[in-house]
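The following exercises introduce a structure to a reader who has not met it before. Each task sentence is followed by a solution that proceeds step by step.

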Amino acid sequence: MLVLRLLNVVAPAYFMCISLVTFVLQIFLFIPSMFRDPSTTPLFSPALLHGAFFLFLSANALGNYVLVIQSSPEDLGKDLNLGKGAEVADWLEGSRSPGSALSSTHFCRLCARITQRHDHHCFFTGNCIGSKNMRNFIMFCLYTSLACLDSLVAGMAYISATLSMSFADPLAFFTLLPHSISQFFSGALLSSEMFVILMLYLWLGIGLACAGFCCHQMLLILRGQTRYELRKGMVVRARPWRENLQEVFGKRWLLGLLIPVLNVEKDYHRQKEK
């Protein structure tokens, strides 16, 4: 438990550091290097278009990140006047039945609260993911992956221009790291350039991980299932996939794709009774 609590603090700090480094590299290194192209017009230069697109991705990623933390799942234990710790967990396990409303309810020991429609505990936000913040969490994963992949492309363009190399060969990217390490220790590569190359692989890993996690969550939503239910092998009620999507994204789903907005809170107890 101590390790998990430590991870609950380190992971958000790690995410904020990576976000800050990415923002600094984009604004002060990648985008200024794009202005050096004399063949483009100042108004519609790739630098301005890329900068506006990156700021759009960053604002959505950080905005949804804040909303995931702000819109925490409600603590059902307060309404039930329960205790804390092991007493709550024991009561919850003893109160479940296959057809009860508590079948998808879980007590998180890190957050010390009972949440309904519990999906999982996200260490990067230090918060549980449930009915209230699922949409913001998916948007956070989506825009984080897009921001990382955008930074990857911009970083590759910067390295290509700085080191006069081409990435036309797909194997060039995979051989870049070992070749750069040998050049760095031989003194032929600057430390700033080596740092950018390391960030390329970090952006690739984070971008693919967030994209895969987002696709997995969308698949579970279409099935009307949470990760907690999948892990416990719980049987979910069969419903049309459109209803499952609307339950998570609401009617203003298009607005949520463009700007960070709070999710529409659903009354799951009322839906259970219908």
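The bend at a residue is the angle between two axes, one fitted to the seven residues ending there and the other to the seven starting there. Helices (H or I, at least four residues) and strands (E, at least two) are DSSP runs, numbered from the N terminus. The model is predicted: local features need pLDDT of at least 70, side-chain atom pairs count only at pLDDT 80 or more, and totals for chains, interfaces and linings use all residues. Residues are numbered from 1 along each chain as its sequence is written, and side-chain values use heavy atoms, with hydrogens and water left out.

**Exercise 1. Describe the protein chain as a whole.**

Step 1. The secondary structure comprises eleven helices and four strands.

Step 2. A residue is buried under 20% relative accessible area, exposed over 50%, and partly exposed in between (1.4 Å probe, protein chains only). Of the 274 residues in the protein chain, 42% are buried.

Step 3. Contact means heavy atoms within 4.5 Å. Among the contacts in the protein chain with a separation of 6 or more, 65% join residues 24 or more positions apart.

**Exercise 2. Examine helix 6: where is its kink, and what covers its buried residues?**

Step 1. The expected span of a helix is 1.5 Å times one less than its number of residues. Helix 6 (residues 171-186) has 16 residues and should therefore span 22 Å; its end C-alpha atoms are 23 Å apart, which agrees.

Step 2. At Leu177 the helix has a kink of about 35 degrees, shortly before the proline Pro178.

Step 3. The buried residues Ala172, Phe173, Leu176 and Ser180 belong to helix 6. An α-helix has 3.6 residues a turn, so residues three or four places apart point the same way.

Step 4. The cover over the buried residues of helix 6 includes helix 5 (134-163) and helix 7 (191-222).

Step 5. After helix 6 comes Gly187, with a positive phi near 90 degrees.

**Exercise 3. Determine which elements build the largest nonpolar core.**

Step 1. A nonpolar core is a set of buried Ala, Val, Leu, Ile, Met, Phe, Trp, Tyr and Cys residues joined through side-chain atoms within 4.5 Å. The largest such core has 24 residues, and those with the most contacts inside it are Leu25, Phe30, Ile159, Phe167, Val196, Leu200 and Trp203.

Step 2. Helix 1 (2-34), helix 5, helix 6 and helix 7 are the elements that give two or more residues to this core. Helix 7 supplies the largest share, eight residues.

Step 3. Val196 touches Leu25, Leu29, Phe30, Tyr158 and Ile159, when residues up to four places away in sequence are not counted. Apart from this core lies another, of 20 residues, which includes Cys122, Met139, Cys214 and Val248.

**Exercise 4. Explain why Cys122 and Cys215 form no disulfide.**

Step 1. A disulfide is a pair of cysteine sulfur atoms within 2.5 Å. A search of the whole structure finds zero of them.

Step 2. For Cys122, the closest cysteine sulfur is that of Cys141 at 6.9 Å, too far for a bond. Cys122 is buried, with a relative accessible area of 7%.

Step 3. For Cys215, the closest cysteine sulfur is that of Cys214 at 5.7 Å, again too far for a bond. Cys215 is exposed, at 56% relative accessibility.

**Exercise 5. Find what the side chains of Ser145 and Thr226 reach.**

Step 1. A polar contact is a pair of N or O atoms within 3.5 Å; within protein, one must be able to donate a hydrogen and the other to accept it, and residues adjacent in sequence count only if both atoms are side-chain atoms.

Step 2. Ser145 lies in helix 5 and is buried, with a relative accessible area of 4%. A polar atom of the Ser145 side chain is 2.6 Å from the backbone oxygen of Leu142. Leaving aside neighbours within four places in sequence, Ser145 is in contact with Gly207, Cys210 and Ala211.

Step 3. Thr226 is in the loop between helix 7 and helix 8 (227-232) and is buried, with a relative accessible area of 4%. The side chain of Thr226 reaches the backbone oxygen of His118 at 3.3 Å.
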